[in-house]
Amino acid sequence: MPEKSLRPATLAVTVGRPDAEPDAPLNVPITMASTYVAGGDTEYGRYGNPTWQAFEDALGSLEGGRCISFASGLAAVATILDLVGQGQKVVAPRHSYNGTVMQLADLESRGRIVAHLVDITNTDEVVAACADASLVWLESPTNPALEIADIPAVRAAAHEAGAYVVVDNTFATPLRQQPLDMDVDIVVHSATKYIAGHSDALMGAVITRDAELFDVLKKRRDLIGAVPGTLEAYLALRGIRTLHLRVERAEENAKELVRRLEEHPAVDEVRYPGFGGIISVVLGQGAMAADLLTRKTSLWIHATSLGGVESTFERRRRWSSEPATIPDALVRMSVGVEDVDDLWDDLRRALDDLV
Ligand SMILES: *Cc1c(COP(=O)(O)O)cnc(C)c1O
């Protein structure tokens, strides 16, 4: 086991490797097993798997806690929301990931919880809403508005009220934000995005330092069975091995594209939180121009999802479930690790055609 003092790039490459013994594989094998010989700790394939374990060790080390992997980000979100007692209140950003907002609405419509959606940039409003909350959900930056929350202030108010605090760290990745160091209770990831990073696997993860919460969440996963596939865990672990390189390059590209986009006459507004690889732009000529843009490029692929090595973009309001507070002509761009000049040439040609 590597030491705790190692830096993130070294943890990303080394944690979860088998012991270096003669003829041992360098990387953890894909273990296909639904059942194990009786008498051990695992027994059955829904309770554990060596390939998941390696992934969990690696992501846990980067976030600074213990990790439980899930079949998808939303399976992890649902398992956390299950912690909320009958009829109790959840505070969450109105611009949380759309699937999270839909889960909250579904739970509320069935009388399970009370959902209180807030403007995450209005810290006073969020802090006031925490008073009688049972769980406070944060996503920072939000998807796709790219708003930033004051995590320490909200965390303090939530703990004052005895509420759990959760941060969806999908956009920031543990390389840009470590919520557990801000005394947050639970971090959740759609590992489908930056963690796996190649647009080929769905996976989710929950990380916590609280031993009791870890046991409760692990038991819920065992019970519900929202477990990942072994191949997915292998792919996501392979993704982690280059996470630092991909995040650095995507961020470098994004910063350069922000500078160029801000100068382009077709672009009304550029939203960028100052780190990471996601940019949201609002086009001056409206939704139709935004749709046209997504059909006029050849390198930029029109697709939902984000965090892969390839650059993708979409007009978010093409989804009817996207809130009306997101501008109609907002295009969310997930910047990949290609050559930035090629990305810009492709984008600029399409933007030039709009003006
Ligand atoms: C995609 C996403 C999710 C949901 O994860 P899936 O792996 O698609 O189930 C949750 N939160 C954020 C911020 C996301 O971008």
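Modeller: Two strands pair if DSSP finds at least two bridges between them. Strands (E, at least two residues) and helices (H or I, at least four) are DSSP runs, numbered from the N terminus. This is a predicted model, in which local features need pLDDT of at least 70 and side-chain atom pairs count only at pLDDT 80 or more, while totals for chains, interfaces and linings use all residues. Residues are numbered from 1 along each chain as its sequence is written, and side-chain values use heavy atoms, with hydrogens and water left out.

Colleague: Okay, let's start with the sheet of 5 strands. Over how many bridges do β11 and β12 pair?

Modeller: That open sheet runs β8-β9-β12-β11-β10, with mixed pairing. In it, Thr312 sits opposite Ser334 of β12. β11 and β12 run in the antiparallel sense, and their pairing spans 4 bridges.

Colleague: Which strands stand at the edges there?

Modeller: Go by the order, β8-β9-β12-β11-β10. An edge strand here has a single partner, so one of its sides is left without a neighbour in the sheet; that applies to β8 (267-271) and β10.

Colleague: Helix α9 lies across this sheet, right? At about what angle does α9 run to β9?

Modeller: Angles go from 0 to 180 degrees between N-to-C directions, and axes are lines fitted to C-alpha atoms (for helices, over the stretch in contact). Helix α9, residues 243-263, lies across β8, β9 and β12, and to β9 it runs at about 15°.

Colleague: What about α10? Which elements cover its buried residues?

Modeller: Buried means under 20% relative accessible area, exposed means over 50%, and partly exposed is in between (1.4 Å probe, protein chains only). In α10 (residues 287-295), the buried ones are Ala287, Ala289, Ala290, Asp291, Leu293 and Thr294. Their cover includes β9 (278-283), β10 (301-302), β11 (312-315), β12 (330-334) and α11 (340-352).

Colleague: Let's zoom in on Thr294. Which residues does Thr294 touch, leaving out those up to four places away in sequence?

Modeller: Thr294 is part of helix α10. It has a relative accessible area of 4%, so Thr294 is buried. Counting a contact as heavy atoms within 4.5 Å, Thr294 touches His302, Phe313, Glu314 and Arg315.

Colleague: Now the sheet of 7 strands. Which are its edge strands?

Modeller: This open sheet is ordered β1-β7-β6-β5-β4-β2-β3 and has mixed pairing. Pairing on one side only marks the edge strands, which are β1 (66-70) and β3 (113-118).

Colleague: How many of the residues of strand β6 are buried?

Modeller: Look at the two faces of β6: Ile186, Val188 and Ser190 are buried on one side, and Val187 and His189 are buried on the other. For β6 (residues 186-190), the buried count is 5 of 5.

Colleague: And over how many bridges do β6 and strand β7 pair?

Modeller: β6 pairs in the parallel sense with β5 (residues 164-168), over 3 bridges. Toward β7, His189 stands opposite Ala205, and Ser190 faces Gly204. The pairing of β6 with β7 (residues 204-208) is antiparallel, over 5 bridges.

Colleague: On to helices. Are α5 and α6 roughly parallel or roughly antiparallel to each other?

Modeller: The axes of α5 (residues 123-130) and α6 (residues 151-160) come within 8 Å and cross at roughly 20°. Thr123, Val126, Val127 and Cys130 of α5 make the contact with Ala153, Val154, Ala157 and Ala158 of α6. Angles under 35 degrees count as roughly parallel, over 145 as roughly antiparallel, 65 to 115 as roughly perpendicular and the rest as oblique. α5 and α6 are therefore roughly parallel.

Colleague: Same idea for another pair: how far apart are the axes of α3 and α4?

Modeller: Leu74, Val77, Ala78 and Leu81 of α3 meet Gly99, Thr100, Gln103, Leu104 and Leu107 of α4. Helix α3 (residues 73-81) packs against helix α4 (residues 98-109) at an angle of about 35°, and their axes are apart by 10 Å.

Colleague: Last one: how many disulfides does a search of the whole structure find?

Modeller: Cys67 counts as buried because its relative accessibility is 5%, and Cys130 counts as buried because its value is 0%. A disulfide is a pair of cysteine sulfur atoms within 2.5 Å. Across the whole structure, the number of disulfides found is 0.
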